[in-house]
Amino acid sequence: MSDEESATKREQAQHVREMFAAIATRYDLLNHLLSGNVDQRWRRLVVKKMAMSLPATDARVLDVACGTGDLSLALVAGTRAQVIGLDFCRPMLDIAAGKSSERGFAIPYLEGDALKLPFRDQSFDGVTIAFGLRNLASFEGGLKELRRVLRPGGMLAVLEFSKPRMPILRSFFAVYFTKLLPLLGGLISGSKSAYEYLPDSVSRFPDQALLATLMKEVGFTEVAFQNLTGGIAALHTGKQPAL
Ligand SMILES: C[S@@+](CC[C@H](N)C(=O)[O-])C[C@H]1O[C@@H](n2cnc3c(N)ncnc32)[C@H](O)[C@@H]1O
């Protein structure tokens, strides 16, 4: 990568971090409100899939781009694994830490970059990333890094917005996402640009089939996906090949 390209990627990451810092205190409210709380149902499905793939004892799961920790909390409640949350935005992590101590969980929340995880190779039985991959400066680089920290046979679960399957749902969703959501999100969070960034980032993100292909290309096996709510979101899973 040229110096210019890496400077652009650094700037992009800095912009994303500042954007989430600016909306951190309103993030949960807006998430649940603007999705009609369906986001929590999607996260529970991630937990269910992950729980089925984890070893019965001493499992470790890394929740990357954990934000305010909703998935980390659901993983702790729904599996027996030790869960670690990681994000590069301190204000989001502060909220995550407050929520887990309120509920009596001791989840370690670490500040770090998904593109340069501070862990040794093959140190987790499961890795999750919910609504995070789309925000990374490199999707491919992110997937490679997530794969690096998975032990052989370990599973990655990617929850992301995707492409609605039915044309009518796609049209309705496009209007909601590009017009109504920036308006409501802007009013409630005070940052219209953050809620304009959301549809932009979704439109740049690979659809279901392309993401599955990308996962295979970086070396995941058993890659599969499930459409959620008509494909508004999708849950992709893939495994680190067994030795
Ligand atoms: C839309 S939020 C998702 C938060 C959470 N996973 C959820 O399900 O609500 C995206 C998160 O990705 C984080 N993020 C974006 N790029 C990152 C990176 N390179 N490294 C670590 N975290 C990153 C942001 O700080 C933000 O908290």
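**Close-up views of a predicted model**

**View 1. Residue A174 and its helix.** In this predicted model, A174 is part of helix α6, which comprises residues 167-189. With a relative accessibility of 36%, A174 is classed as partly exposed, because that class lies between the buried limit of under 20% and the exposed limit of over 50%. M155 is 19 residues away from A174 along the chain, and the C-alpha atoms of these two residues are 32 Å apart.

**View 2. The surroundings of the ligand.** The shell around the ligand consists of 19 residues, of which Y27, A65, D87, A114 and A130 approach nearest. By type, the residues of this shell comprise twelve nonpolar, four polar and three charged. Helix α1, formed by residues 3-34, makes the greatest contribution to the shell, namely four residues.

**View 3. Polar contacts of the ligand.** Which residue places a polar side-chain atom 2.7 Å from an oxygen atom of the ligand? The residue is Y27. Two further contacts involve the protein backbone: a polar backbone atom of A114 is 2.8 Å from a nitrogen atom of the ligand, and a polar backbone atom of A130 is likewise 2.8 Å from a ligand nitrogen atom. On its own, the ligand has 600 Å² of accessible area, and the protein covers 97% of this area.

**View 4. The buried face of helix α5.** Helix α5 spans residues 139-148, and its buried residues are G142, L143, E145 and L146. Why do these buried residues line one face of the helix? When α5 is seen down its axis, they fall within an arc of 165 degrees, and therefore they lie along one face. The partners against which the buried residues of α5 pack are three strands, β1 (60-64), β4 (124-130) and β5 (150-161), together with helix α8 (208-217).

**View 5. The N-terminal end of helix α5.** S138 acts as a cap at the N-terminal end of α5. The cap is formed by a side-chain oxygen of S138, which lies 2.7 Å from the backbone nitrogen of G141.

**View 6. Residue K99 in helix α4.** K99 belongs to helix α4, which covers residues 90-102. Is K99 buried or exposed? Its relative accessibility is 10%, so K99 counts as buried, the limit for this class being under 20%. When residues up to four places away in sequence are left aside, K99 touches D28, T68, D70 and L73.

Conventions
Residues numbered from 1 in each chain as written. Predicted model: local features only at pLDDT ≥ 70, side-chain atom pairs only at ≥ 80, totals over all residues. Heavy atoms only, no water. Buried < 20%, exposed > 50% of the residue type's maximum accessible area, 1.4 Å probe, protein only. Helix = DSSP H or I, 4+ residues; strand = E, 2+ residues; numbered from the N terminus. Arc of directions from axis to C-beta. Contact = heavy atoms within 4.5 Å. Polar contact = N/O pair within 3.5 Å; in protein donor to acceptor, adjacent residues only side chain to side chain. Near = heavy atom within 4 Å. Areas by Shrake-Rupley, 256 points an atom, 1.4 Å probe, with all protein chains shown as cover. Nonpolar A, V, L, I, M, F, W, Y, C, P; charged D, E, K, R; others polar.
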